Amino acid sequence: MAANMRSFIETVRRKATVVYVGSVKEVQLLTRTKFDIKARAVIGVLAVVRGPGNAREATIEYSSFDDKTPMLEGGPQYQLRPGIKVVAFANSFGSTIPPGYLLQGSREELLQRVVALSDSLSRMSPDQLKVNEINEGDRRIQRALYEKLCTYLRTAK
């Protein structure tokens, strides 16, 4: 569980080379075992908030679950479906490993989650910043990133 808890600290989002908002276009089942489903989602990139270039499409390979394959304890697992919106914090637009952090839902749900991340970050004490492996400069950069995401999510249709 400790390894998976790392994906919830701010440094994972801060160090993401690529941050984008997208819409799931297609989901492909790659493999299924008794314990896990490996899937790939093709994402139509709607906005690049951090990263090189202006990609129109991205792919994410991830772990999933369903009625036959129960959720693993400690995650991260996702159930992506065509039409679902995502905010991805990843190393590239072609992630062959799970993204560092992924939000999914409607535009309104994503906006609420990004606002919550920004609020949480702004309230962190110096000790909490250390636990999250970031400093004041990182906090400023991330707050600016969250503001860009919020602006996009507020204005997008």
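**Reading ring pairs and a helix**

Visitor: How many aromatic pairs does the count come to?

Guide: The count comes to two aromatic pairs. By the rule, rings of Phe, Tyr and Trp (its six-membered ring) pair if their centres lie within 6.5 Å; planes under 30 degrees apart count as stacked, over 60 as edge-to-face and the rest as tilted. One pair is formed by Y20 and F93: the ring centres are 5.5 Å apart and the planes stand at 35°, so the pair is tilted.

Visitor: Which parts of the chain does this pair link?

Guide: Helices (H or I, at least four residues) and strands (E, at least two) are DSSP runs, numbered from the N terminus. In these terms, Y20 belongs to strand 1 and F93 to the loop between strand 4 and strand 5 (94-95), so that distant parts of the chain, 73 residues apart, are linked.

Before going further, note that this is a predicted model, in which local features need pLDDT of at least 70 and side-chain atom pairs count only at pLDDT 80 or more, while totals for chains, interfaces and linings use all residues. Residues are numbered from 1 along each chain as its sequence is written, and side-chain values use heavy atoms, with hydrogens and water left out.

Visitor: Are Y20 and F93 buried or exposed?

Guide: Buried means under 20% relative accessible area, exposed over 50%, and partly exposed in between (1.4 Å probe, protein chains only). Y20 has a relative accessible area of 0% and is buried; F93, at 15%, also counts as buried.

Visitor: What kind of aromatic pair do F89 and Y101 form?

Guide: The pair of F89 and Y101 is edge-to-face, with 5.9 Å from centre to centre and 75° between the planes. Because F89 lies in strand 4 and Y101 in strand 6 (residues 101-105), the pair ties together parts that are twelve residues apart in sequence. Both F89 and Y101 are buried.

Visitor: Which residue lies over the face of Y101?

Guide: A charge sits over a ring if NZ of Lys or CZ of Arg is within 6 Å of the ring centre and within 35 degrees of the ring normal. Here R13 lies over the face of Y101, at 4.4 Å from the ring centre.

Visitor: How is the span of helix 5 to be read?

Guide: The expected span of a helix is 1.5 Å times one less than its number of residues. For the 20 residues of helix 5 (residues 136-155) this gives 28 Å, and the end C-alpha atoms are 29 Å apart, which agrees.

Visitor: Which residues of helix 5 are buried?

Guide: They are D138, R139, Q142, L145, Y146, L149, C150 and L153. These residues cover an arc of only 140° around the axis (taken from the directions from the helix axis to the C-beta atoms), which puts them on the same side of helix 5. R140, K148 and T155, on the other side, are exposed.

Visitor: What do the buried residues of helix 5 pack against?

Guide: Contact means heavy atoms within 4.5 Å. The partners include helix 2 (10-14), helix 3 (107-123) and strand 1 (18-32). From helix 2, E10 touches residues including Q142 and Y146.

Visitor: Which side chain makes a polar contact with that of E10?

Guide: A polar contact is a pair of N or O atoms within 3.5 Å; within protein, one must be able to donate a hydrogen and the other to accept it, and residues adjacent in sequence count only if both atoms are side-chain atoms. The partner of E10 is the side chain of Q142, at 3.0 Å. E10 counts as buried, at 1% relative accessibility.

How values were computed:
Lists of a residue's contacts leave out its neighbours within four places in sequence.
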